[in-house]
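Trainee: I am new to this structure and would like a close look at a single part of it. Could you take me slowly through the metal site?

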Amino acid sequence: AERRLHHIAHHDTLTGLANRHGFHERLALAVERTRVDPAESLDVLFMDLDRFKGVNDSFGHQAGNELLIATARRLREAARPDDLVARLGGDEFAVLLEHLPDFDTSVGQANRLLEALSQPLAIQGADLLPAASVGITFSDLGYRTVDEILRDADLAMYQAKADGRARVAIFDQSMHERAAQKLALENDLRGAIGSSQMALVYQPIFELQPQRLAGFEALLRWTHPSRGSVSPAVFVALAEESGQIEALTEWVMETAAGQLSKWQRDDPGMTVSINVSGRDLGRPGFIDRAGTVLARHALRPGSLVMEITETTLMSQLDVAVDAMRALRGKGIRFSIDDFGTGYSSLAYLSRLPIDTLKIDRAFVNAIDRGPQNLEIVRAVQQLGQALGRRVVAEGIETAEQLSVLRDMGVDAGQGYLLARPMPVEQASALITLERSEPPRDTRS
Ligand code: C2E
Ligand code: MG
Ligand code: MG
């Protein structure tokens with residue numbers, strides 16, 4: 001009975017692998033050995049399945065469990081008999097390698113494990129391609145405790161995710177430095193939301209034929225007191241990770257709506273697009289908050305547009321679509337941002353409550369670099385037309401791109417050639433200027 005209890009305490013019931021407790025105990029002994037005898041070595045692989053949540057969400061928990069069991073079996077089979085393979089919890093696995101001759105051999109072993117678990121897997125009639133991100137650290141770094149090792153292997157695993165997933169990353173000291181910097185930035189962000197460090201700039205969106213100002217996209221800028229300007233690509237991701245995206249989006253929505261209502265006094269047709277994160281749409285209360293903002297500023301229905309990237313939209317279609325329907329009922333329009341990069345299912349596209357497709361700037365930019373890129377843009381344009389959606393081209397930088405897009409019949413465009421994102425005063429001046437000038441017909 002005692003042996004049985006010991007087994008239960010040290011093993012994971014789902015997969016039969018060692019559990020966190022069992023792993024810690026064996027690792028502690030191994031660490032001790034390397035301290036006593038410098039000739040002894042150990043390596044720890046920390047492994048996190050990629051997109052496990054997606055499998056759970058789309059196929060159900062039963063499928064998720066099957067994937068975990070299959071992963072455990074594959075790791076066990078690919079590992080050497082003496083390697084300890086453990087499931088630490090959720091979709092996290094760890095492997096302890098001892099007595100390997102050198103570090104290259106350990107990295108080779110890590111890649112072999114990764115390859116074994118990445119073989120196609122049939123689950124509930126679907127063919128999955130499992131993948132994992134692996135962080136690896138080794139005893140040459142002179143570890144004294146189990147916690148230090150796991151912390152570093154975990155940091156390396158996050159680096160593997162950040163580098164694009166489905167790969168192995170080796171721990172190095174600079175990862176500590178980066179982790180510390182990230183944490184500091186996260187804290188600074190907390191204080192910056194709603195302060196004078198944050199501002200919206202507005203990039204004009206023009207109808208192309210005839211060329212006429214149609215509205216603006218509000219883009220967020222953060223001027224950090226010591227680092228200067230931080231890219232939104234960096235701090236928006238940080239805000240999402242650290243649970244601050246709600247506050248950020250709310251501030252953007254309120255500020256942009258307030259500005260739009262001022263502009264609408266002079267120009268009733270004015271529109272503003274804001275960028276929302278996938279998280280926003282899944283949050284209870286978001287729909288009501290948006291309704292309140294619309295009402296408070298008495299915005300004309302259809303004049304506030306929310307942009308959501310194709311990738312986030314596709315990754316949580318069910319939640320997003322319900323929220324979008326409800327928001328649309330309140331007069332908000334939707335635009336799919338960075339279209340062409342997120343593998344939209346065409347079957348869904350026609351049913352989504354969206355008004356606009358924004359062709360990703362990578363395609364627009366590549367127009368003058370070959371006929372194939374041109375065909376991609378043309379395909380999106382035709383798709384938009386067939387579905388009755390407006391098409392906006394992002395990132396127009398050259399006169400040639402503009403003229404191709406115009407000839408193709410693309411409805412609207414945005415880009416450095418037409419105008420850069422600008423401070424609010426300049427945007428207001430542009431509206432005044434446009435109102436005093438007749439639209440430019442640029443055909444012929
Ligand atoms: P996005 O929504 O696709 O915005 C367009 C980005 O392309 C902007 O970068 C804009 O400055 C840039 N851009 C516009 N025209 C051109 C061009 O002709 N050439 C090139 N190379 N770039 C052009 P920005 O402002 O750095 O924003 C990057 C991304 O950060 C945005 O991509 C958006 O996804 C996100 N973002 C910005 N503001 C917000 C916000 O308030 N909330 C959220 N959730 N995300 C935001
Ligand atoms: Mg956008
Ligand atoms: Mg975009």
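**The metal site**

Mentor: Four protein donors hold the magnesium ion (ligand 3), namely Asp337 (OD), Asp338 (OD), Glu394 (OE) and again Glu394 (OE), and they lie 2.1 to 2.5 Å from the ion. Donors here are N, O and S atoms within 2.8 Å of the metal (3.2 Å for Na, K and Ca), and water is not among the atoms, so sites may look incomplete. This is a predicted model, in which local features need pLDDT of at least 70 and side-chain atom pairs count only at pLDDT 80 or more, while totals for chains, interfaces and linings use all residues; side-chain values use heavy atoms, with hydrogens and water left out. Residues are numbered from 1 along each chain as its sequence is written, and chains are lettered from A and ligands numbered from 1 in the order in which they are written.

Along the chain, the donors of the magnesium ion (ligand 3) follow the spacing D-D-x55-E. Asp337 lies in strand β13 (residues 333–339) and Glu394 in the loop between β15 (390–393) and α17 (399–408), so this pair ties together parts that are 57 residues apart in sequence. Helices (H or I, at least four residues) and strands (E, at least two) are DSSP runs, numbered from the N terminus. Asp337 is buried, with a relative accessible area of 5%, and Glu394 is buried as well, with a relative accessible area of 11%. Buried means under 20% relative accessible area, exposed over 50%, and partly exposed in between (1.4 Å probe, protein chains only).

Asp337 also leads to the neighbouring ion, as this residue bridges the magnesium ion (ligand 3) and the magnesium ion (ligand 2), which lie 4.1 Å apart. The magnesium ion (ligand 2) is coordinated at 2.0 to 2.2 Å by Glu217 (OE), Asn275 (OD1), Glu307 (OE) and Asp337 (OD), and these donors follow the spacing E-x57-N-x31-E-x29-D along the chain. Distant parts of the chain are linked here too, with Glu217 in strand β9 (residues 211–224) and Glu307 in strand β12 (residues 304–309), 90 residues apart. Both Glu217 and Glu307 are buried.

To gather the picture, Asp337 coordinates both magnesium ions, ligand 2 and ligand 3, while Asp338 and Glu394 are among the donors of ligand 3, and Glu217, Asn275 and Glu307 are among those that coordinate ligand 2.
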